[in-house]
Amino acid sequence: LVLYSPGGLLTALEACIRRCGAVEEYKTSPDFLNVYLEYASLVAQPGDIFRYMEAQGIGQEFAKFFEAKAEYLEGAGSLKGALETYQQGIEAMAFPVERLRRRVAALQHRLAARSGEELGAAAEAAADENGRQATRQFGLSVQGSTRFLAAPRPAQAPQ
């Protein structure tokens, strides 16, 4: 087997999976999990590999499986799916479960930061839209900014 190129490695991993996949003891082997995770990192549709692994019970007792799947989902834009995957691993008490708890906290922190950024952008957009509405309503735009007329101040008596 040629292992010099990603294609050669992919071929070798596929051969390993075919030969060892029927052996029941390997489903709980961290080494076999590593083979599958490496394989998933090289294929076009890793989600299919993760679904197959779940259906076959491969690597389900290891946090590493749930971390890899959640990273894939997050990279694909499914933050909710990533969070659910971490929660599944925690519920299954995948070893070491504390790593999954830390990953959940980090993901929740990223979600909160992202939500804050989105809220800030939405507020800016709303403020900009309000400014444009005022400009249309009052026709008071000056060099891109909106100016509102203030009520005239009463004249002060000289002292």
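## Helix packing and an aromatic cluster in a predicted model

The protein has six helices and two strands. The model is a predicted one, and the order of its elements from the N terminus is α-α-α-α-α-α-β-β, with the helices ahead of the strands. Of the 159 residues in the protein, 29% are buried. As for contacts between residues at least 6 apart in sequence, 41% of them link residues at least 24 apart.

Helix 2 is a handy place to start. It covers residues 30-42, and its axis comes within 9 Å of the axis of helix 3, residues 46-56, with a crossing angle of roughly 155°. Anything over 145° counts as roughly antiparallel, so that is how helix 2 and helix 3 sit relative to each other. On the helix 2 side, the contact is made by L33, Y36, L37, Y39 and A40; helix 3 brings P46, I49, F50, Y52 and M53. Sorted by class, this contact is nonpolar throughout, with 10 nonpolar residues and no polar or charged ones.

Helix 2 also meets helix 4, and here the geometry is of another kind. The two axes come within 10 Å and cross at roughly 10°. With under 35° as the cut-off for roughly parallel, helix 2 and helix 4 are therefore roughly parallel to each other. The residues in this contact are L33, N34 and L37 from helix 2, together with K64, F65 and A68 from helix 4. The class count comes to four nonpolar residues, one polar and one charged. Two of the helix 2 residues, L33 and L37, turn up in the contact with helix 3 and again in the contact with helix 4.

Helix 4 itself, residues 63-75, is worth a walk along the chain, and K69 is one of its residues. Is K69 buried or exposed? Its relative accessibility is 12%, so K69 counts as buried. Leaving aside residues up to four places away in sequence, K69 touches F50, E54, T85 and Q88. F50 is also one of the helix 3 residues that contact helix 2.

Next door, A70 is in helix 4 as well, and at 0% relative accessibility it counts as buried. Its contacts, again without residues up to four places away in sequence, are A82, T85 and Y86. T85 is thus touched by A70 and by K69. Between A70 and K80, which are 10 residues apart in sequence, the C-alpha to C-alpha distance is 9.5 Å.

E67 is another helix 4 residue. Despite its charged class, E67 counts as buried because its relative accessibility is 6%. Beyond residues up to four places away in sequence, E67 touches Y86, R99, L100 and R103. Y86 is therefore a shared partner, in contact with E67 and with A70, under the 4.5 Å heavy-atom limit.

Several of these partners belong to helix 5, which takes in residues 79-91. Helix 5 has 13 residues and runs 18 Å from its first C-alpha to its last, close to the 18 Å expected at 1.5 Å a residue. Its buried residues are L79, G81, A82, T85, Y86, G89 and I90. Among them, A82, T85 and Y86 are the ones that A70 touches. After helix 5 comes M93, with a positive phi near 55°.

Back toward the N terminus, the aromatics take over. The structure holds six aromatic pairs. In one of them, Y26 and F32 have ring centres 5.9 Å apart and planes at 40°, so the pair is tilted. The two rings' residues differ in burial: Y26 counts as partly exposed because its relative accessibility is 35%, whereas F32, at 4%, counts as buried. Y26 and F32 also join Y36 and Y52 in one aromatic cluster. Y36 and Y52 come up in the contact between helix 2 and helix 3 too.

C20 ties in with this pair. It lies in helix 1, residues 6-20, and touches both Y26 and F32, not counting residues up to four places away in sequence. C20 and F32 are 12 residues apart along the chain, and their C-alpha atoms are separated by 8.2 Å.

Terms used:
Residues numbered from 1 in each chain as written. Predicted model: local features only at pLDDT ≥ 70, side-chain atom pairs only at ≥ 80, totals over all residues. Heavy atoms only, no water. Axes fitted to C-alpha atoms, helices over the stretch in contact; angles between N-to-C directions. Helix = DSSP H or I, 4+ residues; strand = E, 2+ residues; numbered from the N terminus. Parallel < 35°, antiparallel > 145°, perpendicular 65-115°, else oblique. Expected span 1.5 Å × (residues − 1). Buried < 20%, exposed > 50% of the residue type's maximum accessible area, 1.4 Å probe, protein only. Phe/Tyr/Trp six-rings, centres within 6.5 Å; stacked < 30°, edge-to-face > 60°.
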